[in-house]
Amino acid sequence: MSTISDEFRRLHPRSAELYEKALRVFPSGVTHDIRYFTPFPIYIERASGSRKWDVDGHEIIDYVMGHGALLLGHLHPVVTRAVAEQLGRGTHYGASHELEIEWADWVQRLLPSAEMVHFTSSGTEAVQMALRLARAFTGRDKVIRFVGHFHGWSDHVVGFSLTPEEMPRAVGIPEGILQSQLLVPQNDPVALQRALAEHEVAAVIIEPTGASWGTFPLELSFLAEARRLTEEAGALLIFDEVVTGFRVSPGGVQAVVGVRPDLTTLGKILAGGLPGGAVAGRRDVLALIEFRDDEWNLKRRIAHPGTYNANPLSASAGIATLSFIADGKSQQQAEATTRRLCRGFNQIIRKAGVKGCAYGYSSMFHLLLGRDCPPPDDDFTWHWEGPPAASIPQTPGPVATPLRQGLLNRGADLMRTGGLVSAVHNEEDIDRTLSAFEATLADLRREGVLWS
Ligand code: PMP
């Protein structure tokens with residue numbers, strides 16, 4: 001009998017062929033770390049709504065959703081129309097244009113803390129700018145971030161640091177920059193307070209639903225603690241809402257919890273599936289980018305060029321998306337679907353008698369298999385009552401890879417072991433995903449993966 005991996009190879013010959021070609025041009029054949037997959041990644045030809053189609057002709061229910069950029073699904077007509085119209089008018093003027101103002105107006109209207117806005121080309125760049133602003137504003141160097149929290153790939157926040165001991169392994173980062181990062185466990189106000197007291201800290205940056213888009217959920221009360229402690233210490237608080245912004249609510253996590261960060265970094269949904277990012281926040285902090293007199297411009301001002309900043313095409317997709325999702329209905333729809341999906345996953349996990357659970361927040365979900373899990377409230381919300389977990393709870397690699405292969409064999413694609421749900425995923429998507437999951441668990445049992 002063929003294994004999950006054999007079946008994966010059998011079903012995806014054209015993807016295997018393209019991967020051979022890709023190996024000649026890209027390190028490990030991929031263009032984003034998360035696309036690295038064994039034995040090879042699948043290649044996609046087109047996408048629409050909640051689905052995408054691979055080069056071997058399979059229809060796949062997509063839970064990657066543009067790495068979280070596509071709250072409205074692939075090719076939403078409102079977004080497509082806006083981009084098509086803009087294409088007819090030009091993609092880059094190398095000049096100011098009206099759409100950039102409209103785009104920023106939407107950010108200001110939706111995000112409670114957005115007194116001013118500054119566009120970048122990606123979330124990584126937004127984080128880089130936010131940290132530079134915080135350092136310039138406070139005159140301090142150190143930045144506190146939390147274990148496992150991801151903020152893009154700039155030198156200042158490099159990679160997924162699971163434990164403080166892993167920090168020195170960051171290769172290619174100047175020692176001084178590494179030393180300016182302090183790593184603190186999330187959900188631990190005492191540790192945060194200590195770090196703030198012991199160092200001159202410019203900023204605390206946090207993923208406001210927890211490490212790695214909520215894989216390790218944050219107690220949301222921690223955000224108010226972080227606000228109070230940063231204020232006391234004279235450090236800025238930065239919410240990295242690159243994933244959660246406009247998804248968790250039209251105003252992001254900050255609108256839900258009523259905590260006002262000094263700066264917020266944005267990306268993904270902001271630009272409706274096209275490249276884009278932004279820093280939004282306090283007027284007096286963003287004022288450091290202003291032009292003034294020569295003395296100021298030379299000595300105090302933060303420079304910010306960037307060829308694709310606020311480009312008209314991204315602006316058109318961003319405006320179309322933000323105006324469409326402003327009433328909160330898309331977010332509610334996506335969350336309702338995610339809750340139903342998680343309930344289904346948990347029923348199947350219980351029936352199969354394996355360790356694990358599915359949990360999520362808003363329209364993001366995570367599957368933790370082969371590990372102990374707190375039984376989620378409503379089969380959705382993670383409430384860990386034991387000692388704080390030392391590292392991110394993750395499905396081990398030997399389970400995660402065949403799980404994803406097995407789901408792909410049956411037409412569903414996860415982002416690692418989780419997913420981002422759009423407002424256009426429907427009942428049929430859920431039913432098909434749950435059947436695929438149940439059958440994949442049976443495959444895993446047959447291979448002795450989860451039951452060994
Ligand atoms: N911050 C967070 C929380 C992210 O999840 C990401 C990307 N996944 C980034 C920053 C970086 O954004 P980008 O990939 O647009 O550079």
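Trainee: Which residue of strand 3 does K52 stand opposite?

Mentor: The model is predicted, so local features need pLDDT of at least 70 and side-chain atom pairs count only at pLDDT 80 or more, while totals for chains, interfaces and linings use all residues. Residues are numbered from 1 along each chain as its sequence is written, and side-chain values use heavy atoms, with hydrogens and water left out. Strand 2 (residues 51-54) and strand 3 (residues 59-62) pair in the antiparallel sense over 3 bridges; strands are DSSP runs of E of at least two residues, helices are runs of H or I of at least four, both numbered from the N terminus, and pairing requires at least two DSSP bridges. In strand 3, the residue opposite K52 is I60.

Trainee: Which strands stand at the edges of the open sheet with the order 1-2-3-14?

Mentor: The pairing in this sheet of 4 strands is mixed. An edge strand has a single partner, so one side of it is left without a neighbour in the sheet. That applies to strand 1 (44-48) and strand 14 (412-413).

Trainee: At about what angle to strand 3 does helix 17 run?

Mentor: Helix 17 (residues 427-446) lies across strand 2, strand 3 and strand 14. Axes are lines fitted to C-alpha atoms, for helices over the stretch in contact (heavy atoms within 4.5 Å), and angles run from 0 to 180 degrees between N-to-C directions. For helix 17 and strand 3 the angle is about 105°.

Trainee: How many residues apart in sequence are the parts tied together by C357 and C373?

Mentor: A search of the whole structure finds 1 disulfide, defined as a pair of cysteine sulfur atoms within 2.5 Å; it joins C357 to C373, with S to S 1.9 Å. C357 lies in strand 12 (residues 356-361) and C373 in the loop between strand 13 (364-369) and helix 16 (397-409), so the parts tied together are separated in sequence by 16 residues.

Trainee: Why does C342 form no bond with the closest cysteine sulfur?

Mentor: C342 counts as buried at 0% relative accessibility, where buried means under 20% relative accessible area, exposed over 50% and partly exposed in between (1.4 Å probe, protein chains only). The closest cysteine sulfur is in C357, itself buried with a relative accessible area of 2%. The two sulfurs are too far apart for a bond, because the distance is 8.8 Å.

Trainee: Which residue of strand 13 stands opposite G356?

Mentor: Strand 12 and strand 13 pair in the antiparallel sense over 6 bridges. They belong to an open sheet of 3 strands in the order 12-13-15. G356 faces L369.

Trainee: Which residue of strand 9 stands opposite V204?

Mentor: Strand 9 (residues 236-240) has 5 of its 5 residues buried, so it is largely enclosed by the rest of the structure. Strand 7 (residues 201-206) pairs with strand 9 in the parallel sense over 4 bridges. The residue opposite V204 is L237.

Trainee: How far is a nitrogen atom of the ligand from an N or O atom in the side chain of D240?

Mentor: D240 is one of the buried residues of strand 9, pointing the same way as L236 and I238. The residues around the ligand, meaning those with a heavy atom within 4 Å of it, include D240 and K268. A polar side-chain atom of K268 lies 2.9 Å from a nitrogen atom of the ligand. For the side chain of D240, the distance is 2.6 Å.

Conventions: Polar contact = N/O pair within 3.5 Å; in protein donor to acceptor, adjacent residues only side chain to side chain.
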